[in-house]
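Let's take a walk through a protein model together, one piece at a time. Have a look at the picture first, and then read on with it at hand.

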Amino acid sequence: MSSILNCIRADDVMATLLEVKDLVVKFALRGGDVTATNGVSFDLARGERLGLVGESGAGKSVTGFSIINLISQPGYIASGSVNFHGENLATMSAARLRTIRGNRISMIFQDPMMTLNPVLTIGTQMIETLMAHNLQMCKERARGIALEKLRKVHIPSPERRLEQYPHEFSGGMRQRIIIAIALLTDPELIIADEPTTALDVTIQAEIMDLLIELCETEGMGMILMLDTCRCRSGNWTLAVMYLRRTGY
Amino acid sequence: MIAFVIRRIIQAFIVIFIISVIGFAVKQSVGDPVREMTGISVSAEELQEFREKLGLNDPWYVQYVRFLGKAVQGDLGNSFFYKRPATDVILEKAPATLELVFVSSLIVILFSVPLGVFSAIRPNHFLSRFLMSGSIVGVSIPVFLTAIMMIYVFSVKLGWLPSFGRGELVMIGGWDSGLLTVDGWLHILMPSVALSSIMLPLFIRLIRAEMMEVLESEYIKFAWAKGLSNRRIWFVHAFKNTLLPVITVGGVQLGVTIAFTILTETVFQWQGLGFMFMEAVERSDSPLLVAYLMFVGIVMVVVNTIVDLIYGLVNPTIRISGASS
């Protein structure tokens, strides 16, 4: 059984994980629709890393959010498709989409100070993610996985930290926790939307190195949105977004 | 947490102290107690002697200390009308008012939370639109008008509900309760609905506005990105954050509700503190007025202290700052 699974995985490596085709995202505003992305296309193979580079306002974040179909109101996907393992996320039902979000595709947001819920402990926010995607998951096991992931992102004394609230962490620490949350379910793809922009320069490099290192060791695909090209390591495919379109 | 509690209790004492000064000032300036007690057929000399005996010629601060000393022991003087200690009269009337406030707060909580949350997560639903326009009407109509309209419809026209009084009461250890009999509940229904008619729409709007703001936040978006269920996002992630400002406003509004009982109790002939207060004003029964002021002040302080403690339980930032100091 395990050998068959391995075979499938080995075959899958070459397969396309994500295929974004002619994605058009519009925002329905009072004065008519405003186009946020106009025909974005790119492919991502399993374990491949894509850097999406572009100036602010080019449509990077909107592209990222539209992959998991989570564009804020009044935005909507006007045309195009986002195929994940051949399934179109843009037209998928909400219930089906929920089994993919945070489970097979995780997202890391821009500002770690705003991303965590201030009134819930880190532990609660990690454990709930695991329990939402696995009905058989018990609290103790989820806690164990959460601790393991916190160690992976180098959070010291994670047992104690699990009981603490977001305001007890610095910005860099919070972004580490968010990365740990993104890693919880061992996703196939991580979308990181300028994960270091809100941090100060010394922390930026640390977080970026951590993210790349984890991606390599876990073999995850990644889409990284950045406003500048400053990645020093790893194999990257680069796509440049300019005027709401992509080009290689 | 303990430091936080102690700090709040000290603040409560300062507020009660200020209320006592105001109460004392009212007592000093409203009416002449000697006049009230002796009548007009007493000579000026005798009056002077009487004043000396009662300590009314002492400097105000000596009198204040004496007032405070007595007040601490629960003695706020005798009511001119009831010829009994004002504190006794207050304590006798308090259950009626507290039950009325309790039931209408219950109505506000039970209805505002689900309706507010619903109209926040389904802002375009026809029920939400109806609630929003209906709540404007609710806020705009004064309590006494609501009360009179209710009496007209449910008592005069339909004859379903009694229009005045508390109905059948059960005495438990000095607390005469109307909440243990069916008759008592029938009597409290209209007054409590009338009393909550201002607070309910206000709270529906408050909860809706706060919830909608929270739902726009990044951490809710992140919760969606984590693939959590709608229910978990609405009722755990969003609602807990919505609660923080609602608790604060709720504490203040509870005090306002006690003040509104004056109108409601007058319309429904409800034998509580509000009704007593109106009578005391008409009879210029100053000891009773002072006792009412002190009582309501203390209730407000106690309620707000409890509300702050609850706030501390919900908001982790406050809890920690208390523990570290």
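In this predicted model, chain A holds an open sheet of four strands, and their order across the sheet is β2-β1-β4-β5 with antiparallel pairing. If you look for its borders, you will find β2 (32–45) and β5 (87–88) of chain A, the edge strands, each of which pairs on one side only. What holds such strands side by side? Strands of a sheet pair through backbone hydrogen bonds, and the pairing can be either parallel or antiparallel.

Now step inside the sheet. Strand β1 (residues 16–29) of chain A is joined to β4(A) by eight bridges, in the antiparallel sense. To see one place where these two strands line up, find A:V24, which stands opposite A:S79 in β4(A). As you follow a strand with your eye, keep in mind that in a regular strand the side chains alternate between the two faces of the sheet.

Next, move along to strand β4 (residues 75–84) of chain A and its link with β5(A). How many bridges join β4(A) to β5(A)? There are two, and the strands run antiparallel. On the β4(A) side you can pick out A:N83, whose bridge partner in β5(A) is A:N88. These two strands form a hairpin with two residues between them, and A:H85 in this hairpin takes a positive phi near 55°.

Chain A has plenty beyond this sheet. Its secondary structure comes to nine helices and 10 strands. Of the 248 residues in chain A, 50% are buried. Consider, too, the contacts in chain A with a separation of 6 or more: 70% of them come from residues 24 or more positions apart.

Let's visit two of the helices in chain A. Helix α5 (residues 122–133) and helix α6 (residues 139–152) of chain A cross at roughly 120°, and their axes come within 9 Å. Angles over 145 degrees count as roughly antiparallel and those of 65 to 115 as roughly perpendicular, so an angle of this kind makes α5(A) oblique to α6(A). The crossing itself is right-handed. Where they meet, α5(A) offers A:M126, A:I127, A:L130 and A:M131, while α6(A) brings residues including A:K139, A:A142 and A:R143. By class, this contact has eight nonpolar, no polar and two charged residues.

Now hop over to chain B for another pair of helices. Here helix α1 (residues 2–29) and helix α12 (residues 286–314) of chain B pack at an angle of about 165°, with their axes 9 Å apart. α1(B) and α12(B) are therefore roughly antiparallel to each other. α1(B) also passes α12(B) in a right-handed crossing. Among the residues that make the contact are B:F4, B:I16 and B:G23 of α1(B), along with B:V290, B:L293 and B:G312 of α12(B). Sorted by class, the contact has 14 nonpolar, six polar and three charged residues.

Let's finish by zooming in on B:G23, which lies in helix α1 of chain B. Is B:G23 buried or exposed? Its relative accessibility is 0%, so B:G23 counts as buried. Leaving aside residues up to four places away in sequence, B:G23 touches B:F67, B:V290 and B:L293. The chain also brings distant parts of the sequence together here: B:G23 and B:S286 are 263 residues apart along the chain, yet their C-alpha atoms are separated by 9.8 Å.

Notes. Residues are numbered from 1 along each chain as its sequence is written. Chains are lettered from A and ligands numbered from 1 in the order in which they are written. This is a predicted model: local features need pLDDT of at least 70, side-chain atom pairs count only at pLDDT 80 or more; totals for chains, interfaces and linings use all residues. Side-chain values use heavy atoms; hydrogens and water are left out. Axes are lines fitted to C-alpha atoms, for helices over the stretch in contact, and angles run from 0 to 180 degrees between N-to-C directions. Angles under 35 degrees count as roughly parallel, over 145 as roughly antiparallel, 65 to 115 as roughly perpendicular and the rest as oblique. A crossing is left-handed if the near helix is turned anticlockwise from the far one by less than a right angle, and right-handed if clockwise. Contact means heavy atoms within 4.5 Å. Ala, Val, Leu, Ile, Met, Phe, Trp, Tyr, Cys and Pro count as nonpolar, Asp, Glu, Lys and Arg as charged, and the others, Gly among them, as polar. Two strands pair if DSSP finds at least two bridges between them. Buried means under 20% relative accessible area, exposed over 50%, partly exposed in between (1.4 Å probe, protein chains only).
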